[in-house]
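Work through the exercises below with the sequence and the model at hand. Each task is followed by its solution.

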Amino acid sequence: MSLLAACQAAPSERPDTLVNLATVQSGPRVQADELDGAIRQQPDNAGLLARRATLRLAAGQPSAALSDISSALAIDDADGELYFLQARALRALGRLSQALAAARQAAANGFNSPELPLLEGETHLAAHQYGAALESLDRTLRLDPDQPAALFYKGLAYAATADTTQALDYLHAALARDPRQPEILHQLAFLLNAYRLPAEAARYAAQGLRLDSTSGSLAYDYGRQLELLGRPDSALRYYRRALRLDTTQYRADYRLALAAGAHGQRPAAIIPHLKRALRRNARLPQARALLAEALEAQHRLPEAYTQFRLLVAENPGNQHWTYKVWKTGEAVRAMLPDSLRPPTNYYRRATVAPVAAPPQQ
């Protein structure tokens, strides 16, 4: 299949998390702690507070960093770089609108590094504001045309809007500038698998695993291309490996559950996989239906009842799931002591309105 033909159909999967391209070092936390004494001696030194905040951000301590930045801004509220640091900390905490507001304050106070529109672009992307993300990333590239992170995030923005040709172009451009970045390789492999181009995806997934053998994302990508190439047993091994490396790889749980169901394995084998997958993505095709029926088959009726009710909420008017809610609800009711049992709820099928007879000629 040609790439152009493959791009005509929407993929069945989309990446839904963003990963910071920066590699976090282990040393910054110690370096930040070493500044404690100096800051106790000079509590009004905004520069020292900013330095410690920067180190705490690098060490993955955004809340502590934000505290230092707030103290520094109380000393000097006209320093654009402090607002930029504040925006970074707020973004790390997932406070997206506040991060964007702090970024605007940074610009208003003279901070004009390419890192500022890059941060704005990634934050807009995390908020699913794709047009605004592309505008900010374009500003970054005007200041620094070879910025791999900006090219990478533009690729993700175009992927999210189903412009696959542009997405692949920008991801390839990012890879050309940073060829040893596993996250770029993962996104290329994931997107190519989603568009049913597994032979191309395999190259990037394999390259990524050579660079980072501990990546659950890349292990999933490699397993998915094997499944698409008709090698299901090998694919299952990589899905299990993905989960050993990273328990958040819910797609691996989902694929393992689908395979177990297709091979007629006992419902008990698929329930844990489906539960974990649905906690991460409640809209996986068939997943909730498989889970509800597996729970029912295992006589875990209160849990099955809850899942059937969710299916009715997701599929209003569906008579099959409505009947299942009634059936399991009555079974759960029967399990209660007489003193707690509500009245019987009789099931009434939806009636079809009679068709009026044609007028007499």
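A salt bridge is a side-chain nitrogen of Lys or Arg within 4 Å of a carboxyl oxygen of Asp or Glu. The model is predicted.

**Exercise 1.** State how many salt bridges the structure holds, and examine the one formed by arginine 52.

Solution. The structure holds 15 salt bridges. One of them joins arginine 52 to aspartate 68, with the closest N and O atoms 2.8 Å apart. Arginine 52 belongs to helix H4 (residues 46-58) and aspartate 68 to helix H5 (residues 62-75), so the pair ties together parts that are 16 residues apart in sequence.

**Exercise 2.** Identify the residues that form a positive surface patch, and place arginine 237 in its helix.

Solution. The patch consists of Arg231, Arg237, Arg240 and Arg244. Arginine 237 is part of helix H15, which covers residues 232-245.

**Exercise 3.** Assess the confidence of the chain.

Solution. The average pLDDT is 87, and 85% of the residues score at least 70. For residues 1-10 the pLDDT is below 50, and this stretch has twelve contacts beyond near neighbours in sequence. Residues 22-26 also have pLDDT below 50, with three such contacts.

Methods
Residues numbered from 1 in each chain as written. Predicted model: local features only at pLDDT ≥ 70, side-chain atom pairs only at ≥ 80, totals over all residues. Heavy atoms only, no water. Patch = residues over 30% accessible without salt bridge, like charges linked within 9 Å, V, L, I, M, F, W, Y side chains within 5 Å. Areas by Shrake-Rupley, 256 points an atom, 1.4 Å probe, with all protein chains shown as cover. Lys, Arg positive; Asp, Glu negative; His and termini not counted. Charge placed at Lys NZ, Arg CZ, Asp CG, Glu CD. Helix = DSSP H or I, 4+ residues; strand = E, 2+ residues; numbered from the N terminus. pLDDT = per-residue confidence, 0-100. Contact = heavy atoms within 4.5 Å.
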